[in-house]
Amino acid sequence: MVVHSASEQVLAGLDPEQRSAVTAPAGPVCILAGAGTGKTRAITSRIAHRALSGEISPRHVLAVTFTARAAAEMRSRLTVLGVGGVQARTFHAAALRQVRYFAPRLLAGRAMPELLDSKVRLVTLAAARVGLRADRAAARDLAGEIEWAKSSLVEPADYVVSAARALRDTPHEPAKVADVFTAYEQLKRSNGVIDFEDMLRAAVWGIEEHPDVGEQVRGQYRHFVVDEYQDVNPLQQRLLDAWLGGRDDLTVVGDASQTIYSFTGATSAYLVDFPRRHRNATVVRLVRDYRSTPQVVGLANAVISQARGTEARLRLELSGQRPPGPEPDLRIFTDEPAEANAVAARCRALIDAGTPAKEIAVLFRVNAQSEAYEKALTEASVPYVVQGAERFFERAEVRQAMVALRAATRSIPGETPLPAAVVEALTAVGWAPDAPPAGGAARERWEALSALVQLSEEYAASPAVVPIGEAASVERPVTLFDFTEELARRAAQQHVPTVDGVTLASLHSAKGLEWDAVFLVGLAEGTMPTTYAKTVEQVEEERRLLYVGITRAREWLWLSYAAARSPGGRARRPSRFLPQLDRSGGTERATGGTGPARRAERRRTQIVSCRICGATLLAGPDRKLGRCPTCPSDIDDELHERLREWRQRVSAAQKVPAYVVFTDATLIALAERRPGRSEELIAIAGIGPRKLGLYGESVLALVGGAGVDDVCPEKTFEISS
C-alpha cells in the first residue's frame with residue numbers, strides 16, 4: 001500500500017500531457033517534447049512511477065543521455081523521487097563500461113586497448129603519410145570528417161560515394177579524405193589504440209557476435225529511455241538496437257525542431273519514423289512551455305512555423321504558461337562594434353537592476369564572433385565566461401587550485417569550516433576574496449576560483465553520511481578532503497559549475513541551457529543563416545538553430561544585427577528567419593503579388609524603430625508612438641490637450657466615437673513628435689492618406705501653434721463615401 005501511494009505521489013503536479021507520458025503502458029513510447037515543456041521531469045517521473053508501482057526494477061533500467069551533466073541531473077531527480085539504482089549514462093559511458101567489463105572475455109584475456117582522447121595527432125600523421133600537410137585546424141576538420149563517417153557506419157572504401165550522397169562539404173578532395181581515413185585506421189591498429197566510435201562498435205560487436213555477452217547485457221537491461229532522440233546517429237541507433245535485442249520496452253523523447261547536429265551524423269529520422277518502426281507506439285506531445293514568457297514563446301512559434309522539410313512534420317506549437325513579460329527587443333545597428341557596445345551596456349544595466357550576471361547569455365552563430373563582445377564587456381566592467389571554449393576543470397588555474405586544495409588537506413586543521421579552508425588554500429595560488437581584478441583574463445581567472453569557493457559553500461550545506469553498521473549511519477560535517485574527492489568526481493564527469501559572469505556561447509553550445517535574459521546577436525544574412533548553408537536542408541537546420549537560441553530565454557530576449565560588419569563597410573540584410581511585423585505588432589509571412597497589393601503588403605511589414613534608443617518596435621501602441629514604453633516621453637502637454645479638444649469637436653460633428661478620428665496613442669504620438677510637414681505626419685502609424693486628407697491641414701496648424709477655435713470654429717467635417 002505504501003508503494004502504491006508513493007507511485008501515485010509521483011503524478012502530483014503533472015499536467016495532463018506529462019501524466020499521459022508517465023502512465024503510458026509498457027512498450028514503445030515516443031514523447032515529442034518542445035523546449036521548456038518539462039521533458040526531464042516527464043521521463044524521470046515515468047521511470048519512478050513504474051519502479052515505485054512494482055512494474056519494473058530500477059536496476060534493470062538504462063537511461064541514455066548525450067551529456068554527463070544531463071545524466072547526473074537525471075540521477076539526481078530520480079533520487080529525489082525515491083528511486084535509486086537506475087543507470088543513467090551517455091552512450092559512450094555506457095559502452096565503455098560494458099566493453100571494459102567484457103574485455104577479458106571478448107579479447108581472450110588481453111587488456112582493452114587505450115582510448116584516444118583526441119584524433120588530431122594521429123590524423124596529422126595519417127595526412128602526412130598520404131602526402132597532405134595538415135596544421136592543427138586542418139587536422140581537426142579531417143578528424144571531424146572521419147567521426148562523421150564512422151558515426152554514419154561508413155567505411156573508408158565507401159567514403160567518397162557516401163560523402164557525395166550526403167552533400168558533405170569536405171575539407172579536401174573526397175578521395176584524399178578517404179586516403180587519410182584509411183591511413184588513420186592503420187595507424188590506430190599499429191599503435192594499439194581505439195577511438196570513441198570504435199568503442200561503440202566494440203559494444204555492438206560484443207553483443208551481436210557473442211551470444212553469452214548479449215544474453216548477459218539484455219538480462220541486466222530490460223527497460224530503456226533515450227533522451228534527445230533527435231540527435232541519435234546511425235552507430236548509436238545500432239547500439240540501441242543491440243541492447244534491445246528485438247524487445248520494445250523503449251521510451252524516447254525528442255524535439256525534431258531542435259535537430260541541429262546533422263553535420264556530426266546525427267539524424268532526426270529515427271524520431272520521425274518511430275511510429276512507423278514501432279506500429280503499437282504511444283505518442284505523446286508536450287507543448288506547455290514552463291520556461292519562457294508567452295512573448296518569447298510567440299516569437300519562437302513564429303520562427304519555426306515557416307519550417308519546411310522532414311523535421312517540420314513533427315513541429316510543435318508551444319503554449320506559454322508563464323505570466324506575460326516584455327516583448328522581444330529587435331534592434332539594428334550601423335556596425336558590429338556598435339552592436340557589441342550596445343549589448344554590453346544593456347548587460348551592465350540588467351546587472352545593476354538586479355539580474356545576476358550568470359542569468360544573462362550572449363549567443364552567436366560562430367565562436368569567432370565572441371571577440372567583439374569580450375572586448376565590449378570588459379570595457380563595460382561586465383564579468384563574462386566563454387562557454388565551450390575550455391572546460392572548467394581543464395583550465396590551468398582550476399587544475400592548479402585543485403593541487404593546492406589537495407596539498408592543504410595536510411596543513412589545514414580538519415575542524416576548519418570547509419569554505420574557510422578553501423579560501424585559505426586558494427590564497428596560495430594568488431586568489432583573494434575581494435573585488436575581482438581588472439582585465440578580462442584576470443577577472444575570468446578570479447571568477448573561476450570564486451566558483452570553487454561557491455561550490456564549497458554549497459557542498460558544506462550537505463553533511464557527510466558515515467555508515468556505522470548494516471542499517472545505521474551518522475552525519476558529520478564535510479571536510480576539505482571530502483571536497484577534493486567531490487571535485488575529482490565532478491572533473492571526471494565534467495560537471496561544470498556556473499561561473500558568476502555573462503555567458504558567451506555559440507548557439508550550438510547553448511543547447512540544453514537557459515537564462516533569464518538572452519541576447520541573440522549577428523542575425524544578418526551570411527551569418528544566420530551562414531553562407532555555408534547551401535542546400536534547403538542546411539538552411540532549415542540554420543532556422544532550427546535560431547529557434548533553439550530563442551527558446552533559451554526565460555523572460556527577456558534581444559535580437560540584433562549590424563547593417564555592416566565594420567564602420568563604413570558593405571551593407572547587409574537582416575536574417576530571412578526574422579518574422580516581418582505588421583502594424584498590430586503581430587508576425588506574418590510576407591506574401592507575393594505585384595502592384596498596389598504588393599505595395600500595401602510592404603507598408604504593413606515596414607519595420608518601425610524607437611526614435612530614442614533605436615530598438616525595433618513590436619507592439620502596436622509602441623509602433624504608433626514611435627518609441628519603447630520604457631523610453632522617456634517628451635510629450636508637449638499643452639499641444640496634447642488642444643489635440644484632445646479638437647478631436648472631441650470633430651467626433652461630435654461627425655457623430656462618431658472619438659477613436660474613429662484618432663486613437664489616444666496617435667494623439668500622444670502627435671504631441672511627442674510634433675510633425676511640421678505632411679511627410680512627417682503620414683509617417684506616424686495610424687495616419688494614412690485618407691486621414692491626411694481629412695485632418696492633415698488642421699493637425700499641422702495645431703502643431704504650429706493654432707488654437708482649436710482657429711482650425712474648427714464653425715467648420716464641418718464630413719466623411720466621404
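## Strand S17 and its partners

Ala517 in strand S17 is the bridge partner of Ile360. This is a predicted model, so let us take that pairing as a way in and work outwards from it. The strand that runs over residues 360–364 is S12, and S12 and S17 pair in the parallel sense over four bridges. S17 itself covers residues 515–520 and is mostly hidden from solvent, with five of its six residues buried.

S17 also pairs with S18, the strand of residues 553–562; these two run parallel and are joined by five bridges. Here Leu520 stands opposite Leu559 of S18. Between the two strands comes helix H22 (residues 536–550), and S17, H22 and S18 together make a right-handed β-α-β unit.

## A cis proline on the way to H22

If you follow the chain from S17 towards H22, look out for Pro529, which sits in the loop between them. The peptide bond from Met528 to Pro529 is cis, and its omega is near 5°.

## Arg554 in strand S18

S18 carries a charged residue worth a visit: Arg554 lies in this strand. Is Arg554 buried or exposed? With a relative accessible area of 19%, Arg554 is buried, because the cut-off for that class is under 20%.

Which residue does the side chain of Arg554 meet in a polar contact? The partner is the side chain of Glu359, at 2.6 Å. Leaving out residues up to four places away in sequence, Arg554 touches Arg291, Ser292, Thr293, Arg322, Glu359, Glu514, Trp515 and Asp516. Trp515 and Asp516 in that list fall within the residue range of S17, 515–520.

## Two nonpolar cores

In soluble globular proteins, nonpolar side chains tend to be buried together. In this model the largest nonpolar core has 77 residues, and the ones with the most contacts inside it are Tyr229, Trp243, Leu363, Leu520, Ile550, Leu557 and Leu559. Helix H5 (residues 91–106) gives the most to this core, with eight residues. A second, separate core has 26 residues, among them Val120, Val123, Ala127 and Leu187.

Leu520 and Leu559 turn up again here as residues with the most contacts in the largest core, and they are also the pair that stand opposite each other in S17 and S18.

## Aromatic pairs

How many aromatic pairs does the structure hold? There are 14. One of them joins Tyr229 and Phe274 in an edge-to-face arrangement, with 6.2 Å from centre to centre and 90° between the planes. Tyr229 lies in the loop between strand S6 (223–226) and helix H12 (234–244), while Phe274 belongs to helix H14 (residues 274–277), so the pair ties together parts that are 45 residues apart in sequence. Tyr229 is buried, with a relative accessible area of 1%, and Phe274 is buried with a value of 1%. Not counting neighbours within four places in sequence, the contacts of Tyr229 include Gln237, Leu240, Val252, Thr267, Phe274 and Arg277.

The rings of Phe333 and Trp558 make a stacked pair, because their planes meet at 15° with centres 5.9 Å apart. Phe333 is in strand S11 (residues 329–333) and Trp558 is in S18, so this pair ties together parts that are 225 residues apart in sequence. Phe333 and Trp558 are both buried. Elsewhere, Phe66, Phe91, Phe224 and Trp243 form one aromatic cluster.

## Loops to look at

Two residues other than glycine have a positive phi that you may like to check in the viewer. Leu153 has a phi of about 60° and is found in the loop between helix H7 (136–151) and helix H8 (159–165). Its relative accessibility is 36%, so Leu153 counts as partly exposed. Ser381 has a phi near 60° and is found in the loop between helix H17 (370–379) and strand S13 (384–386). At 45% relative accessibility, Ser381 counts as partly exposed.

The last stop is Gly414, in the loop between helix H18 (396–408) and helix H19 (418–426). Gly414 counts as exposed, at 55% relative accessibility. The C-alpha atoms of Gly414 and Phe481 are separated by 8.6 Å, although the two residues are 67 residues apart along the chain.

Notes. Residues are numbered from 1 along each chain as its sequence is written. This is a predicted model: local features need pLDDT of at least 70, side-chain atom pairs count only at pLDDT 80 or more; totals for chains, interfaces and linings use all residues. Side-chain values use heavy atoms; hydrogens and water are left out. Buried means under 20% relative accessible area, exposed over 50%, partly exposed in between (1.4 Å probe, protein chains only). Two strands pair if DSSP finds at least two bridges between them. A crossover is right-handed if, with the strands pointing away from the viewer, the path from the first strand over the helix to the second runs clockwise. A nonpolar core is a set of buried Ala, Val, Leu, Ile, Met, Phe, Trp, Tyr and Cys residues joined through side-chain atoms within 4.5 Å. Contact means heavy atoms within 4.5 Å. Rings of Phe, Tyr and Trp (its six-membered ring) pair if their centres lie within 6.5 Å; planes under 30 degrees apart count as stacked, over 60 as edge-to-face and the rest as tilted. A polar contact is a pair of N or O atoms within 3.5 Å; within protein, one must be able to donate a hydrogen and the other to accept it, and residues adjacent in sequence count only if both atoms are side-chain atoms.
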